[in-house]
Amino acid sequence: MAKAIMLQGTASNAGKSLLAAGLCRIFRQDGYRVAPFKSQNMALNSAITPDGLEMGRAQVMQAQAAGVAPDARMNPILLKPTSDVGSQVIVNGIPRGTMRAGDYFRYKKNLIPEVMAAYESLAAQYDIIVIEGAGSPAEINLKEDDIVNMGMAKRANAPVLLCGDIDRGGVFASLYGTVKLLEPEEQELIRGLIINKFRGDVDILRPGLGQLEQLTGKPVLGVVPMLDVDVDDEDSLSTRLSGGGKVGLVDIAVIRLPRLSNFTDFNPLERMEEVTLRYVGSVKELGNPDLVILPGTKNTMDDLRWLRQGGLEGAVLKHAANGGAVVGICGGYQMLGDTVSDPEGVEGGGTLKGLGLLPADTVFQGEKTRTQVAGRFRAPAGLFAGMGGVPFEGYEIHMGRTDSSAQPLVEFADQTGAAHTDGLTVGNVWGCYVHGLFDKGSCAAALVNCLLRAKGLDRQAASVDWQEYAQLQYDKLAEGLRASLDMEQIYRVLNGAE
């Protein structure tokens, strides 16, 4: 049976996911078979496993850091918000339905056996399980039937490392307050504190570290600097969405939909030196980009209404009418069609008019498509003609079917080997259901080269192997953590030493 260690935080976005990924990498480098685990994750960034199951993107990233294939057991419960008060509940990679927050809070205790079955199955296969908590264990209103923080630590008999984010301020108070709000037996599970996202001279912190240790009775096992590593993000808290990046030769604007999902699709484009990638939420922010991307969303119809009401629909249509390039992925692809219909009430029912840039009609269905795919672009139109024949890999996660007699964008064989086409291309507009298209460097480079040519620029974007790039980033993360954490003491904690 595997040994376990758990990362909890004083708040959301304290850096738990990144620290867990770094520990996964370190243990892997040290010769252990290691797997990540997060019993319950709330996120709109998800991915599909090789066996067609859905899990949180953060645990996919951690699995990659651990050098193992993503497995839905690593994230047995995934909550994907569909509104301000409800989420789709995915258990062991398969949707169970949509629940309001109060209903799920009462229901979740029924999922404990499934959570523990997933954990115990992993623990029988690996040497070390790195468990990640969610939010804060000191959310005392949510402690009943807890399955993701101290409740999980108790069930897995896992020692806990508690991390706090010093960059947002108040880290000493948040670490102390979190410890003191816990029950005595929960406090005993905390074996060390970590201060994360530090900028500056650690020596200035040392007097405070000593006092914190005295007040909490817990050792500080490290002060982790603001590491310059580039890995996939947990969700919309990502600093990527706030802009302020580099200026490149081509300007790509991604519409920041209220229920934006899988924005990790565009991380490879952001990393290219030729590209400025911006997330925009208003007509004023849109400006005059070379390409507008409508991304995935967990609620196409609500976000289409938002696009229309805020004036961005009109701005995108004007951009396209002037010959500008537009791309839609998944929910964004659905928006580009003529109509979006929901006869089964998947997103609340009704029919909406789409942007009408692609001659297609989408009908929502109760069953979700979940599959990994690989294929090639057929013969895109307009300025994207240069993408013809370019290979891609990716995955589909959607609950709609889109029908059209227009030219398909891509062709591929699904997991059964059956040939399929997907997407549409008309003029300078194309869309498809495939997430992760640009993870394959040749596909990202082909898109950017089309935009460069359209601007008359004599420049060729390089094709980058993003999987190789990610592995280098995981090594860089591990190096940074080894330099800032007391790994000797962390191993003692892992091995049960007092």
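Trainee: Which element gives the largest share of the lining of the second largest pocket?
Mentor: Helix α15 does, with five residues. This is a predicted model, in which local features need pLDDT of at least 70 and side-chain atom pairs pLDDT 80 or more, while totals for chains, interfaces and linings use all residues. Residues are numbered from 1 along each chain as its sequence is written, and side-chain values use heavy atoms, leaving out hydrogens and water.

Trainee: How many residues line that pocket, and which lie nearest its centre?
Mentor: The lining consists of 34 residues, and R57, Q64, Y395, D439 and Q467 lie nearest the centre. (A pocket is an open set of points on a 1 Å grid over the protein atoms alone, found with a 1.4 Å probe, with protein on both sides within 12 Å along at least five of seven lines; lining residues have an atom within 4 Å of a point.)

Trainee: Which elements give two or more residues to the lining?
Mentor: They are β4 (46-48), α2 (57-66), α9 (267-270), β21 (361-377), β22 (391-403) and α15 (466-484). (Helices, H or I of at least four residues, and strands, E of at least two, are DSSP runs numbered from the N terminus.)

Trainee: On to sheets. What is the order in the one with six strands?
Mentor: It is an open sheet with the order β2-β9-β1-β10-β11-β12, and its pairing is parallel. (Two strands pair if DSSP finds at least two bridges between them.)

Trainee: Which strands stand at its edges?
Mentor: Those are β2 (34-37) and β12 (220-225); each has a single partner strand, so one side of each is left without a neighbour in the sheet.

Trainee: And how many bridges join β1 and β9?
Mentor: β1 (residues 3-9) and β9 (residues 128-132) pair over five bridges in the parallel sense. L7 stands opposite E132 of β9.

Trainee: What about the sheet of four strands?
Mentor: That open sheet runs β3-β6-β7-β8, with mixed pairing. Its edges are β3 (40-42) and β8 (94-100), each with a single partner, so one side of each is without a neighbour in the sheet. Within this sheet, β6 (residues 77-81) and β7 (residues 86-91) pair over five bridges in the antiparallel sense, and L79 stands opposite V89 in β7.

Trainee: Changing topic, how many aromatic pairs are there?
Mentor: The structure holds 10. (Rings of Phe, Tyr and Trp, its six-membered ring, pair if their centres lie within 6.5 Å; planes under 30 degrees apart are stacked, over 60 edge-to-face, the rest tilted.) One of them joins F37 and Y119, edge-to-face, at 5.3 Å centre to centre with 75° between the planes.

Trainee: Where do those two sit?
Mentor: F37 is in strand β2 and Y119 in helix α4 (residues 112-123), 82 residues apart, and the pair links distant parts of the chain.
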